[in-house]
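Trainee: I would like to go through this model and ask why each label is used.
Mentor: Go ahead, and the values will be set against the cut-offs.

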Amino acid sequence: MAELKYEILEQFGVLSTSPSGWHLELNLVKWGDNQPKFDLRAWAPEHAKMGKGITLTQAELTNLQTVIGHVLDPNFVETPADEVAVAADDEDDFDDSPKVARLSDV
């Protein structure tokens, strides 16, 4: 089995910590030679091991923010999709650097 190649480009935060010391984290991760994606998963201390998780493009993360806004606040005002959504074609232009707009800046 080939070794899994990844690079954590930016760490955004820890959502929780288990009694065993694993952290549920949101990071920007480059998996293999693929474009970096937002990654939500559990990590062992020092990132030595990882659990199952999900990866999201910036457009998917923005859409998730909208959904979470509705879950947490029924009066949440949604920004029109054409102002925040990233077209699928724009995904190919994703820069490898960890310069990512904060969702509050979108």
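**Labels and their grounds**

Mentor: In this predicted model, four strands make an open sheet in the order β1-β2-β3-β4, with antiparallel pairing.

Trainee: What makes β1 and β4 stand at the edges?

Mentor: β1 (6-17) and β4 (50-56) each have a single partner strand, so one side of each lacks a neighbour in the sheet. Neighbouring strands of this sheet are turned against each other by 25° on average, direction ignored.

Trainee: How do you know that β1 and β2 count as a pair?

Mentor: A pair needs at least two bridges found by DSSP. Nine bridges join β1 to β2 (residues 23-31), so the criterion of at least two is met. The two strands run antiparallel. As one example, E10 has L28 in β2 as its bridge partner.

Trainee: How many bridges support the pairing of β2 with β3, and how many that of β3 with β4?

Mentor: β2 and β3 pair over seven bridges, and β3 and β4 over five. Both pairings are antiparallel. L26 has L40 in β3 as its bridge partner, while F38 stands opposite L56 in β4.

Trainee: Which residues take a positive phi in the hairpins?

Mentor: In the hairpin of β2 and β3, with five residues between the strands, G32 has a positive phi near 60°. In the hairpin of β3 and β4, with six residues between the strands, E46 has a positive phi near 65°.

Trainee: What does helix α1 touch in the sheet?

Mentor: Helix α1 (residues 58-72) packs on the sheet and touches β3 (37-43) and β4. Touching here rests on heavy atoms within 4.5 Å. The direction of helix α1 makes about 90° with that of β4.

Trainee: Why is L64 called partly exposed?

Mentor: Buried means under 20% relative accessible area and exposed means over 50%. L64 has 33% relative accessibility, so the label is partly exposed. L64 lies in helix α1.

Trainee: Which residues form the nonpolar surface patch with L64?

Mentor: L64 forms the patch with V67, I68, V71 and L72, and together they have about 480 Å² of accessible area. A patch residue needs over 30% relative accessible area, and the 33% of L64 passes that cut-off.

Trainee: What share of the protein chain counts as buried?

Mentor: Of its 106 residues, 25% count as buried. The protein chain exposes about 7500 Å², of which carbon and sulfur atoms supply 54%.

Conventions
Residues are numbered from 1 along each chain as its sequence is written. This is a predicted model: local features need pLDDT of at least 70, side-chain atom pairs count only at pLDDT 80 or more; totals for chains, interfaces and linings use all residues. Side-chain values use heavy atoms; hydrogens and water are left out. Axes are lines fitted to C-alpha atoms, for helices over the stretch in contact, and angles run from 0 to 180 degrees between N-to-C directions. Patches are made of residues with over 30% relative accessible area and no salt bridge: like charges are joined within 9 Å, nonpolar side chains (Val, Leu, Ile, Met, Phe, Trp, Tyr) within 5 Å. Accessible areas come from the Shrake-Rupley method with a 1.4 Å probe; for residues, only the protein chains shown count as cover. A salt bridge is a side-chain nitrogen of Lys or Arg within 4 Å of a carboxyl oxygen of Asp or Glu. Buried means under 20% relative accessible area, exposed over 50%, partly exposed in between (1.4 Å probe, protein chains only).
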